[in-house]
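Visitor: Hi, I'm new to this one. Can you walk me through what's on the screen?

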Amino acid sequence: MKKNVNHIKIAMDGPAGSGKSTVAQKVAEKLDLLYLDSGAMYRAVTVLAIENGVETAIPELIKLVKNCHIQFSENGKLIFLDSKDISTQIRTPEVNTLVADIAKVPQIRTEIVRHQRRIGTQGGIIAEGRDLTTIVFPDADYKFYLDASVTERAKRRYAELLSQNVDTTLETVEEEIRTRDEKDITREHSPLKAAKDAICVDTTGKTIDEVVEYIISMVSSQNNN
Ligand code: C5P
């Protein structure tokens, strides 16, 4: 049955630097959808771990996760941990290095996935991450898997960091992406993979706007059938 576009659920997965967050934010704006950055939630848990010195004390961290409040504002652009704005803190090199090890813990995933499903209950959402199409919203109306070569993904991330005056090198960024990909793809629980029914989009050599247009055209054409 055709759904009003404001009630649809779009799930999108892909590796770091595949363009998911920028694309999803733009699609959200154009279709007036809620934007859910699921990676930001695992990053928030990583900040929680660092602040409490429990990066490796997983049972303690699980207790903290069960009692913390993670909230978004400005349609996913800002993230708050227990009312504190941690939007900048979640993007530090320390968090980049730690997040995949924290995100692989099944009990942490259970808590975060429950929260994500609550956010998506009403529909009218585009959510992106590593397991949105496979685990969080297997019932999504539209599923996309975005990918690009690791070289291109590293170049994009490097350009983004340079524009934020972050002192790093392309080699460092590429190495960090490769390590994180490896961890996300090979972990036991909810590994990164394309859902069987996801539309795969290779974003190598494509602009953000081209990918956004493609996704909107897929949603519009299927929604009009
Ligand atoms: O999307 P982003 O790069 O911010 O995600 C940071 C990390 O959070 C990923 O490398 C992955 O380890 C974890 N993550 C996850 N499941 C998601 C989203 C992110 O495990 N749905």
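Guide: Sure, and keep in mind that this is a predicted model. Let's begin with an open sheet made of 3 strands, ordered β3-β4-β5, with antiparallel pairing.

Visitor: Which are the edge strands there?

Guide: Those are β3 and β5 (84–85), and each of them pairs on one side only.

Visitor: How many bridges hold β3 and β4 together?

Guide: Strand β3 (residues 70–73) and strand β4 (residues 78–81) are paired antiparallel through 4 bridges. For a spot to look at, find Ile 70, which sits opposite Leu 81 in β4.

Visitor: And what's between β3 and β4?

Guide: The two strands make a hairpin, with 4 residues between them. Look at Glu 74 in the turn: its phi is positive, about 50°.

Visitor: OK, how many bridges for β4 and β5?

Guide: There are 2 bridges joining β4 to β5, and the two strands run antiparallel. Leu 81 turns up again here, with Lys 84 as its bridge partner in β5.

Visitor: Which helix packs on that sheet?

Guide: That's α2, which touches β3, β4 and β5. The direction of α2 makes about 40° with that of β4.

Visitor: Switching topic: what's the strand order in the sheet of 5 strands?

Guide: That open sheet goes β2-β6-β1-β7-β8, and the pairing is parallel.

Visitor: Why do β2 and β8 each have one side without a neighbour in the sheet?

Guide: Both β2 (34–37) and β8 (199–202) stand at the edges with a single partner strand each, so one side of each has no neighbour in the sheet. As for twist, neighbouring strands of this sheet are turned by 20° against each other on average, ignoring direction.

Visitor: Can you give me a pair to look at?

Guide: Try strand β1 (residues 9–13) and strand β7 (residues 142–147): they run parallel and are joined by 4 bridges. Within that pairing, Ala 11 has Lys 143 as its bridge partner in β7.

Visitor: Which strands does α2 lie across in this sheet?

Guide: α2 lies across β2 and β6 (125–129), and runs at about 45° to β2. Another helix, α5 (residues 106–120), lies across β1, β2 and β6, at about 170° to β2.

Visitor: Now the ligand. How many residues surround it, and which are the closest?

Guide: 16 residues surround the ligand, and the closest are Arg 43, Arg 109, Arg 180, Asp 184 and Arg 187.

Visitor: What kinds of residues are in that shell, nonpolar, polar or charged?

Guide: The shell around the ligand splits into 8 charged residues, 5 nonpolar and 3 polar.

Visitor: Which helix gives the most to it?

Guide: α2 again, with 4 residues. At least two shell residues come from each of α2 (38–51), α4 (93–103) and α8 (170–186).

Visitor: Any atom pairs worth zooming in on?

Guide: Start with Arg 180, where an N or O atom of the side chain is 2.8 Å from an oxygen atom of the ligand. The side chain of Arg 130 also has an N or O atom 3.0 Å from a ligand oxygen. Then there's Ser 38, with a polar side-chain atom 3.0 Å from a nitrogen atom of the ligand.

Visitor: And how much of the ligand's area does the protein bury?

Guide: On its own the ligand exposes 450 Å², and the protein buries 97% of that.

Definitions and conventions. Residues are numbered from 1 along each chain as its sequence is written. This is a predicted model: local features need pLDDT of at least 70, side-chain atom pairs count only at pLDDT 80 or more; totals for chains, interfaces and linings use all residues. Side-chain values use heavy atoms; hydrogens and water are left out. A residue is near a molecule or strand if one of its heavy atoms lies within 4 Å of it. A polar contact is a pair of N or O atoms within 3.5 Å; within protein, one must be able to donate a hydrogen and the other to accept it, and residues adjacent in sequence count only if both atoms are side-chain atoms. Accessible areas come from the Shrake-Rupley method with a 1.4 Å probe; for residues, only the protein chains shown count as cover. Ala, Val, Leu, Ile, Met, Phe, Trp, Tyr, Cys and Pro count as nonpolar, Asp, Glu, Lys and Arg as charged, and the others, Gly among them, as polar. Two strands pair if DSSP finds at least two bridges between them. Axes are lines fitted to C-alpha atoms, for helices over the stretch in contact, and angles run from 0 to 180 degrees between N-to-C directions. Contact means heavy atoms within 4.5 Å.
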